[in-house]
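Colleague: Please put the model up. I have a few short questions.

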Amino acid sequence: MPARDLGLPVRAPLPAPGELPARVTIWEVGARDGLQNESAIVPVAVKLEFLDRLADAGLGVLEATSFVHPKWLPQLADAEELLAGLKRRSGVRYPVLVPNERGLDRALAAGVRHIAIFASATETFASRNLNRTLDEQFAMFDPVVSRARAEGLDVRGYVSMCFGDPWEGPVDPEQVAEVGRRLLDMGCSQLSLGDTIGVATPGQVERVLDLLPVHLVAVHFHDTYGQALANTLTALRLGVSTVDSSAGGLGGCPYAESATGNLATEDLVWMLDGLGVETGVDLDSLADTSAWMAERLGRPSPSRVVRALRG
Ligand code: HMG
Ligand code: MG
């Protein structure tokens with residue numbers, strides 16, 4: 001189905017549909033980015049069932065939890081218990097977030113093989129989210145990445161607030177690229193560019209991607225202003241082939257109050273199915289899972305596609 005039939009904003013000139021990737025890897029963040037933002041603390045048994053159902057739906061990367069300070073994120077304080085109870089599926093990766101060496105020690109003890117560090121593109125968010133200055137965050141991450149690499153772990157590097165910051169306003173693309181390059185130089189195998197508060201528009205996405213090696217970049221959009229799919233399509237046309245999303249559109253960011261949900265995985269899969277781009281995800285099974293999770297959370301899913309399919 002052509003993009004214009006999906007009602008997406010079209011920024012001319014768009015390359016031919018053949019230039020879209022044949023397959024997109026969906027990096028499912030619902031169990032981490034989604035649940036970290038719920039005011040309710042979801043029981044570990046529910047989280048485990050959620051992860052199982054997401055694997056059943058065909059998702060191959062399930063970000064499971066974070067080894068951060070439990071006082072900073074009580075919703076994920078059960079990280080050890082979760083990993084101990086996790087039935088790892090063959091062919092499925094279960095990355096976790098790790099901010100510092102203490103987090104890495106905990107992740108290694110829990111048998112983790114795949115981690116993500118999370119940097120900020122702005123000074124204010126580095127302070128609020130990590131209790132560090134922009135520069136100090138690299139000193140915190142450096143030993144994490146080198147130790148993790150020496151242990152044979154794969155390390156992803158998030159960059160948050162890539163397009164706008166609630167305290168600092170618009171973010172200079174050069175500043176984002178500089179943070180991204182430092183993470184790649186440190187040894188991250190992939191960057192994930194986060195529109196943490198969901199303000200980006202496609203032109204901004206193009207400007208940031210022009211400054212980075214796109215084959216090493218994933219995108220992580222929030223849908224606050226309804227731009228997440230347009231931004232995703234722009235990134236795909238520029239050579240990105242890994243997209244972060246959250247089942248049912250769960251999530252936000254506890255240290256950025258204006259952030260609403262992540263791009264919903266169902267909305268992403270609906271668009272990619274329509275474009276003939278493979279994801280390996282069964283939309284019906286995924287929508288059932290998000291409807292099930294919405295019941296557990298006691299509120300409807302914000303995903304347009306979940307609402308259209310499951311009422
Ligand atoms: P700090 O207070 O500066 O930590 O926090 P510290 O290094 O000064 O240590 C203080 C105490 O905390 C020590 O204990 C440490 O052992 C302990 P004490 O010696 O006093 O008894 N500690 C820990 N305990 C358990 N696990 C740990 C850990 N680290 C220290 N890992 C810190 C610094 C980074 C830890 C804190 O700021 C933190 O945990 N921040 C995490 C915040 C967070 O998770 N935010 C959400 C994720 S980012 C996000 O969602 C954006 C993203 O999704 C992209 C997007 O959406 O755009 C990625
Ligand atoms: Mg997010």
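Colleague: How far is an oxygen atom of ligand 1 from an N or O atom in the side chain of Thr-196?
Modeller: This is a predicted model, where local features need pLDDT of at least 70, side-chain atom pairs count only at pLDDT 80 or more, and totals for chains, interfaces and linings use all residues. Residues are numbered from 1 along each chain as its sequence is written, chains are lettered from A and ligands numbered from 1 in the order written, and side-chain values use heavy atoms, leaving out hydrogens and water. A polar contact is a pair of N or O atoms within 3.5 Å; within protein, one must be able to donate a hydrogen and the other to accept it, and residues adjacent in sequence count only if both atoms are side-chain atoms. For the Thr-196 side chain and ligand 1, the distance is 2.6 Å.

Colleague: How much of the area that ligand 1 exposes when taken alone does the protein bury?
Modeller: Accessible areas come from the Shrake-Rupley method with a 1.4 Å probe; for residues, only the protein chains shown count as cover. Alone, ligand 1 exposes 1,100 Å². The share buried by the protein is 75%.

Colleague: Which residue has a polar side-chain atom 2.9 Å from an oxygen atom of ligand 1?
Modeller: His-69 uses a polar backbone atom, at 3.0 Å from a ligand 1 oxygen. The side-chain contact at 2.9 Å comes from Arg-32.

Colleague: Which element gives the most residues to the shell around ligand 1?
Modeller: The shell has 27 residues, each with a heavy atom within 4 Å. Helices (H or I, at least four residues) and strands (E, at least two) are DSSP runs, numbered from the N terminus. Helix H1 (30-34), helix H4 (101-109), H5 and S6 each supply at least two shell residues. The top contributor, with 3 residues, is H4.

Colleague: Is Thr-196 buried or exposed?
Modeller: Thr-196 sits in the loop between strand S9 (190-195) and helix H8 (202-209). Buried means under 20% relative accessible area, exposed over 50%, partly exposed in between (1.4 Å probe, protein chains only). At 7%, Thr-196 is buried.

Colleague: Which backbone nitrogen does the side chain of Thr-196 reach at 2.9 Å?
Modeller: The partner lies in the loop between strand S6 (154-160) and strand S7 (164-165). Its relative accessible area is 0%, so it counts as buried. The nitrogen belongs to Met-161.

Colleague: What is the phi of Asn-131?
Modeller: Most residues other than glycine have a negative phi. Asn-131 has a positive one. It is in the loop between helix H5 (123-130) and helix H6 (134-150), and is exposed because its relative accessibility is 51%. Its phi is near 60°.
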